[in-house]
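This report describes helix packing, the nonpolar core and a few individual residues in one protein chain. The sequence and the model are shown first.

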Amino acid sequence: MSKRLKGILTPLIAVLLGIIVGTIIMVVSGYDPIAAFTALWNGAFGQVYYFGEVVRQVTPYILAGLAVAFAFRVGLFNIGVEGQFMVGWLASVWVGVAFDLPKAIHLPLAILAAMVAGALWAFIPGFLKARLRVHEVIVTIMLNYVALHVTNYLIKNVLTDHKDKTDMIKDTATLRSGWLESITDYSRLHWGIIIAVACCFIMWFLLERTTRGFELRAVGFNQDAAHYAGMNVNKNIILSMVISGVFAGLAGAMEGLGTFGYITTKGGFTGVGFDGIAIALLGGNSALGVFFSAILFGALKVGALNMPLEAGVPNELVDIIIALIVFFVASSYIIRLVLDRFGKKEVK
């Protein structure tokens, strides 16, 4: 069996196993799995409004997944996408509220602010990894909490006068579209999906078709060999984290400029950045894989909201299914071993 075919079958089998085990849990818990999955499907694709909400949810998921996947591809573990996501959200709203500019300038400036904020937040663990060999997992996890409390402080004391929510961004900084909303029965679908899809192509092109991408991947495979070949390992480590942070900051801009148009203080994490880890793992850390994985996760998250209403099934069961999918993806060695056994039998 070819490596490419195994790469395609492994996540598909992981999803199937997650659904099967999730079904067993529903049956044991006394719920009707057929009604549950029917409600899930109807909640995601049963109406054009729900479809618009799925695409809206998929938009930040794609970018968060790309942020994690890019770091994984170059041998780094960016567990701080959640924090980079929040500072990107804050920066985009800040620019969207503070300036009065033409849309041709205001919107790109707000998006750029989110990219810079995410990049700067990711630069910190990248610099510490490159210069002091501090493990990026520890630093990025801690920076998530710093981002949470710093953004809350800035919202209350800088962007507002001790309020929990900022003003709405100016119309000149919004990604929302009356046309997209009208054709999806007034969902919150916005133009950010175009940016997310474009970023999939950018990541693929950068890693697979450029000299810089080759260097980044080479450093990820073997730092000693890359250094011996004359590559600047420290520079590439920092650059990798910065690019990953750009994707994460953009994910925050999708929420600040598209879905909500404001930012509020938060008592905990949004979960988008952490979902990005699962999306990247399921997508095999490839741009195309992240795209399809984000669609699955977006459909599950939005469709789950209909399960208690239509089938009387707690939507937390979807979180269990997602966790099971991630578990089976993480146990992909076993799946590949089984596939290899089948492949050998076919050869005989």
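Setting aside neighbours within four places in sequence, F247 is in contact with L63, L66, A67, F70, C199 and M203. The model is predicted.

**The nonpolar core**

F247 is also one of the residues that touch the most other members of the largest nonpolar core, together with I62, L63, L66, L257 and M307. That core holds 102 residues. Helix α3 (residues 48-73) supplies its largest share, 14 residues.

**Helix pairs**

Three helix pairs are described here, and their geometry is set out in the table.

| Helix pair | Angle between axes | Axis separation |
|---|---|---|
| α4 and α11 | about 50 degrees | 6 Å |
| α3 and α13 | roughly 135 degrees | within 7 Å |
| α8 and α9 | about 75 degrees | 5 Å |

How are α4 and α11 oriented to each other? An angle from 35 up to 65 degrees falls outside the roughly parallel and roughly perpendicular classes, and the angle of this pair is about 50 degrees, so α4 and α11 are oblique to each other. The crossing of α4 past α11 is right-handed. On the α4 side the contact involves V81, Q84, F85, G88, W89, S92 and V93. On the α11 side, the residues met are S244, G245, A248, G249, A251, G252, A253, E255, G256 and L257. By class, the residues of this contact are eight nonpolar, eight polar and one charged. L257 of this contact is also among the core residues that touch the most other members.

The axes of α3 and α13 (residues 287-304) cross at roughly 135 degrees, and the two helices are therefore oblique to each other as well. α3 passes α13 in a right-handed crossing. From α3, the contact takes in Y50, E53, V54, Q57, V58, Y61, I62, G65, L66 and A69. From α13, the contact takes in A287, V290, F291, A294, I295, F297, G298, A299, K301 and V302. The residues of the α3 contact with α13 comprise 15 nonpolar, three polar and two charged. I62 and L66, which belong to this contact, are also listed among the core residues that touch the most other members.

α8 and α9 (residues 211-221) pack at an angle of about 75 degrees. Angles of 65 to 115 degrees count as roughly perpendicular, so α8 and α9 are placed in that class. L206, L207 and E208 of α8 meet G213, F214 and R217 of α9. This contact has three nonpolar, one polar and two charged residues.

**Helix α6 and W94**

Which residues of helix α6 (residues 136-159) are buried? They are E136, V139, T140, L143, N144, A147, L148, T151, N152, L154, I155 and L159. The buried residues of α6 pack against four helices, namely α4 (81-98), α5 (103-132), α11 (233-259) and α12 (272-282).

W94 lies in α4. Apart from residues up to four places away in sequence, W94 touches L154, V158 and L159. L154 and L159 are among the buried residues of α6. W94 and V158 are 64 residues apart along the chain, and their C-alpha atoms are separated by 9.6 Å. Is W94 buried or partly exposed? W94 has a relative accessible area of 36% and is therefore partly exposed.

**Residues in loops**

Y31 sits in the loop between α1 (3-29) and α2 (33-45). With a relative accessible area of 30%, Y31 is partly exposed. Y31 and G312 are 281 residues apart in sequence, while their C-alpha atoms are 8.1 Å apart in space. Besides G312, Y31 is in contact with M26, V313, P314 and L317, leaving aside neighbours within four places in sequence.

R133 and D185 are described together for their backbone. R133 is not a glycine, yet it has a positive phi of about 55 degrees. The position of R133 is in the loop between α5 and α6. R133 counts as partly exposed because its relative accessibility is 49%.

D185 likewise has a positive phi of about 55 degrees without being a glycine. D185 is in the loop between α7 (178-183) and α8 (192-209). With a relative accessible area of 45%, D185 is partly exposed.

Note on methods. Residues are numbered from 1 along each chain as its sequence is written. This is a predicted model: local features need pLDDT of at least 70, side-chain atom pairs count only at pLDDT 80 or more; totals for chains, interfaces and linings use all residues. Side-chain values use heavy atoms; hydrogens and water are left out. Buried means under 20% relative accessible area, exposed over 50%, partly exposed in between (1.4 Å probe, protein chains only). Contact means heavy atoms within 4.5 Å. A nonpolar core is a set of buried Ala, Val, Leu, Ile, Met, Phe, Trp, Tyr and Cys residues joined through side-chain atoms within 4.5 Å. Axes are lines fitted to C-alpha atoms, for helices over the stretch in contact, and angles run from 0 to 180 degrees between N-to-C directions. Angles under 35 degrees count as roughly parallel, over 145 as roughly antiparallel, 65 to 115 as roughly perpendicular and the rest as oblique. A crossing is left-handed if the near helix is turned anticlockwise from the far one by less than a right angle, and right-handed if clockwise. Ala, Val, Leu, Ile, Met, Phe, Trp, Tyr, Cys and Pro count as nonpolar, Asp, Glu, Lys and Arg as charged, and the others, Gly among them, as polar.
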